[in-house]
Amino acid sequence: MSFKRGDTCYIIENSPKAIRGKVVSKQNNIYIVQLIGSCGALRLTEDRLFQTAQEAEESLKAPSATVHVQLSTSQKDLDIFHIST
């Protein structure tokens with residue numbers, strides 16, 4: 001979704017909570033966003049901006065990682081621990 005000057009947007013910064021901001025300007029693919037209640041502004045790409053706080057917070061929910069253990073049954077691996085007498 002494209003944002004224009006004056007639009008309210010939500011971003012995820014350094015916490016899992018969405019932060020409300022206001023689009024100040026857009027230059028090519030970069031948006032200048034001023035955080036509401038804060039001084040200064042951030043330069044962000046469009047993929048970091050969300051229409052609602054809920055959308056922003058849902059973007060953090062990554063699928064859980066699955067680990068698959070594979071044990072080798074080759075004779076070569078078994079010989080590593082062979083002790084000669």
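Two residues are taken to be in contact where heavy atoms of one lie within 4.5 Å of heavy atoms of the other. On this basis, and with residues up to four places away in sequence not counted, Lys17 touches Ile11, Ile12 and Glu57. The structure in which these contacts occur is a predicted model, and the description that follows should be read with the confidence of the prediction in mind. The mean pLDDT of the chain is 84, with 76% of its residues reaching 70 or more. Confidence is highest in strand 3, residues 30-35, at a mean of 96, and lowest in helix 2, residues 75-78, where the mean is 57. Where pLDDT is low, the predicted coordinates should not be read in detail.

The chain contains an open sheet of four strands, arranged in the order 1-2-3-4 and paired in antiparallel fashion. Strand 1 (8-12) and strand 4 (41-45) occupy the edges of this sheet, and because each has a single partner strand, one side of each is left without a neighbour in the sheet. Averaged over the sheet and with direction ignored, neighbouring strands are turned by 50 degrees against each other.

Strand 1 and strand 2, the latter comprising residues 18-27, run antiparallel and are joined by five bridges. Among the residues facing one another across this pairing, Thr8 of strand 1 stands opposite Lys22 in strand 2, Tyr10 has Arg20 as its bridge partner in strand 2, and Ile11 is bridged to Ile19 in strand 2. The two strands form a hairpin with five residues between them, and Lys17 is placed in the loop that links strand 1 to strand 2. Lys17 counts as exposed because its relative accessibility of 61% is over the 50% cut-off. The C-alpha atom of Lys17 is also separated by 8.0 Å from that of Ala53, a residue 36 positions apart from Lys17 along the chain. Strand 1, by contrast with this exposed loop residue, is mostly covered, four of its five residues being buried.

The pairing continues from strand 2 to strand 3, which run antiparallel and are joined by six bridges. Within this pairing, Lys26 has Tyr31 in strand 3 as its bridge partner. Strand 2 and strand 3 form a hairpin with two residues between them, and Asn28 lies in the loop that separates these strands. Asn28 has a positive phi of about 60 degrees although it is not a glycine. This may be set against the general pattern, in which most residues other than glycine have a negative phi. Asn28 is exposed, since its relative accessible area of 76% is over 50%.

Ile32 offers a view of the interior of the sheet region, being a residue of strand 3. Ile32 is classed as buried because its relative accessible area, 17%, is under 20%. When neighbours within four places in sequence are left aside, the contacts of Ile32 are with Lys22, Val23, Val24 and Ser25, and with Ala41, Leu42 and Arg43. Gly21 and Ile32, which are eleven residues apart in sequence, have C-alpha atoms 9.8 Å apart in space.

The largest nonpolar core consists of nine residues in all, namely Phe3, Cys9, Ile11, Val23, Tyr31, Val33, Leu35, Leu44 and Leu49. Strand 1 and strand 3 each supply at least two residues of this core, and strand 3 gives the most, with three residues. Cys9, a member of this core, is in contact with Phe3, Ile19, Arg20, Gly21, Val23, Val33, Leu49 and Phe50 when neighbours within four places in sequence are left aside. A second core, separate from the one described above, has five residues, including Tyr10, Ile12, Ala18 and Ala56. Ile11 thus appears in the largest core, while Tyr10 and Ile12 appear in the second. In a regular strand the side chains alternate between the two faces of the sheet.

Note on methods. Residues are numbered from 1 along each chain as its sequence is written. This is a predicted model: local features need pLDDT of at least 70, side-chain atom pairs count only at pLDDT 80 or more; totals for chains, interfaces and linings use all residues. Side-chain values use heavy atoms; hydrogens and water are left out. Two strands pair if DSSP finds at least two bridges between them. Axes are lines fitted to C-alpha atoms, for helices over the stretch in contact, and angles run from 0 to 180 degrees between N-to-C directions. Buried means under 20% relative accessible area, exposed over 50%, partly exposed in between (1.4 Å probe, protein chains only). pLDDT is the predictor's confidence in each residue, from 0 to 100. A nonpolar core is a set of buried Ala, Val, Leu, Ile, Met, Phe, Trp, Tyr and Cys residues joined through side-chain atoms within 4.5 Å.
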